[in-house]
Amino acid sequence: MFLSPCLSKNEQGHLTIGGLDVPALAKEYGTPLYLMDENLIRETCRAYNASMKEHYGKDNFLVVFASKAFCAKYMYRILAEEGMGADLVSGGELYTAIQANFPLDRTYFHGNNKTEQEIILALDAGIRRFVVDNREELLKLDALAKERNTVADISFRVKPGIDAHTHDFIQTGQIDSKFGVALENGEVMQIIAEASKLSGVRVVGLHCHIGSQIFETEPFGLAAKVMMDLIADIRAKFGITIDELNLGGGFGVRYTEADHPVLIDEIVSVLTDAVKESAKEHDLELPFLVIEPGRSIVAPSGITVYTVGSVKEIKDVRTYVSVDGGMTDNPRYALYEAEYTAVLPERIEAEATETVAIAGRCCESGDLIGKEMKLPPVKAGDLLAVLTTGAYNYSMSSHYNRVPNPPVVMVCDGKAKTIVRRETYEDLLKNDI
Ligand code: LLP
């Protein structure tokens with residue numbers, strides 16, 4: 001079994017996170033429970049920053065955390081302290097960042113359908129960059145910026161035509177995607193020509209994001225090269241200098257034994273080498289370089305702890321182990337058949353001899369955490385932990401069946417603190433009239 005660096009076991013044979021006993025935390029905070037390790041999040045931020053500094057240069061980059069992976073006020077405080085930027089994709093994420101006093105001159109506003117209200121909020125807040133997705137947005141932003149006597153700095157989201165090997169739903173670099181403007185059919189050049197005539201926007205950058213949970217380095221290097229070629233073409237055609245290149249995120253993490261993620265330093269070196277080589281080839285200045293990792297910064301720091309409620313053995317068919325959470329706190333199996341590793345925090349050494357389905361508690365047959373998961377023999381009342389749930393779990397939680405969301409408890413330097421409270425039934429009713 002693999003364990004992320006923040007997990008270990010103690011003399012009682014219990015799982016620990018950040019050195020704290022997971023069964024004891026489950027007793028104190030109840031289940032279901034999201035636990036995260038702050039030091040691992042910080043170390044990962046530092047590893048990205050150190051690699052970028054080493055491979056690209058001291059002041060010529062920004063590592064931007066994709067908030068969609070885990071959005072909470074506390075996270076923005078960590079990011080601010082670690083010198084990170086933030087990728088925001090909605091007014092809600094922006095509002096959370098504002099409320100956390102996150103430095104907004106480090107924020108990138110994404111999204112393929114920003115509303116007028118969101119654009120106004122972002123303009124008034126003074127975000128760093130609008131990553132413009134389409135022509136209607138460009139015109140809307142230009143008009144709203146002019147009304148406010150300001151000029152919005154923009155990047156364009158480009159589909160570089162790269163096919164990344166990952167689940168269809170989280171693949172975004174190819175032409176058949178709802179995100180961005182395409183390179184192959186000349187859309188990018190058209191929109192840049194149009195933007196260059198507008199006085200409410202200033203084109204400063206280009207952006208691409210080819211997909212998520214990608215293990216190969218090759219598509220990233222290729223995307224970097226394609227984007228640099230585009231910067232050269234734009235200079236040649238319009239005389240416009242693109243100062244900033246944002247290559248998105250998408251770096252894979254380990255959910256199961258079968259996953260073999262690439263080291264941060266390796267990803268960064270592939271990306272930066274491609275940019276540097278291309279700059280030399282085209283005689284371009286090195287652009288300000290932005291990357292936007294989300295999953296890889298938070299996924300390995302998180303686990304979800306459940307209590308087993310029943311074990312239903314259907315002879316010659318399957319055994320269903322039902323837990324007190326499920327698709328409402330982790331919809332990733334239901335959406336992508338995502339695979340996870342589960343362990344028993346009270347008996348971490350026990351051998352995983354059974355193959356079971358771990359089922360959630362919703363009225364939905366597809367409410368599973370996994371269909372064929374390896375576990376030691378388990379009974380009602382046991383704790384069960386699902387690993388690597390720090391990304392896209394809390395942020396994708398729902399209230400289906402009016403199930404309240406678990407709290408998020410952050411562990412740091414031997415202490416645990418609630419950073420997001422457990423929802424109550426009153427919380428669920430607060431907007432009901
Ligand atoms: N930048 C942009 C523009 C993005 O759209 C994304 C993710 C990222 C950065 C961060 O990608 P990461 O480093 O986290 O892979 N809900 C799905 C993942 C959707 C990713 C959407 N965009 C999941 O649970 O797998």
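In which helix is histidine 55 found? In this predicted model, histidine 55 belongs to helix α2, which covers residues 38–56.

**Figure 1. Surroundings of histidine 55 in helix α2.** Histidine 55 has a relative accessibility of 17% and therefore counts as buried, the cut-off being under 20%. Beyond its neighbours within four places in sequence, histidine 55 is in contact with Asp265, Val268, Ser269, Thr272 and Lys276. Valine 131 lies 76 residues from histidine 55 in sequence, and their C-alpha atoms are 25 Å apart in space.

**Figure 2. The crossing of helices α7 and α8.** Helix α7 (residues 187–195) and helix α8 (residues 218–238) have axes that come within 11 Å and cross at roughly 50 degrees. Because of this angle, α7 is oblique to α8. The crossing is right-handed. From α7, the residues making the contact are Val188, Met189, Ile192 and Ala193, and α8 contributes Leu230, Asp233, Ile234, Lys237 and Phe238. Seven of these contact residues are nonpolar, two are charged and none is polar.

**Figure 3. The largest nonpolar core.** This core holds 107 residues, of which Phe130, Ile154, Phe156, Leu206, Val298 and Leu384 touch the most other members. Helix α8 supplies the largest share of the core, with ten residues. In soluble globular proteins, nonpolar side chains tend to be buried together.

**Figure 4. Contacts of phenylalanine 130, and a separate core.** When neighbours within four places in sequence are set aside, phenylalanine 130 is in contact with Phe109, Ile119, Ala122, Leu123, Leu141, Ala152, Asp153, Ile154 and Ser155. Apart from the largest core lies another, made up of 21 residues, including Leu7, Ile17, Leu20 and Leu40.

Technical notes:
Residues are numbered from 1 along each chain as its sequence is written. This is a predicted model: local features need pLDDT of at least 70, side-chain atom pairs count only at pLDDT 80 or more; totals for chains, interfaces and linings use all residues. Side-chain values use heavy atoms; hydrogens and water are left out. Axes are lines fitted to C-alpha atoms, for helices over the stretch in contact, and angles run from 0 to 180 degrees between N-to-C directions. Helices (H or I, at least four residues) and strands (E, at least two) are DSSP runs, numbered from the N terminus. Angles under 35 degrees count as roughly parallel, over 145 as roughly antiparallel, 65 to 115 as roughly perpendicular and the rest as oblique. A crossing is left-handed if the near helix is turned anticlockwise from the far one by less than a right angle, and right-handed if clockwise. Contact means heavy atoms within 4.5 Å. Ala, Val, Leu, Ile, Met, Phe, Trp, Tyr, Cys and Pro count as nonpolar, Asp, Glu, Lys and Arg as charged, and the others, Gly among them, as polar. A nonpolar core is a set of buried Ala, Val, Leu, Ile, Met, Phe, Trp, Tyr and Cys residues joined through side-chain atoms within 4.5 Å. Buried means under 20% relative accessible area, exposed over 50%, partly exposed in between (1.4 Å probe, protein chains only).
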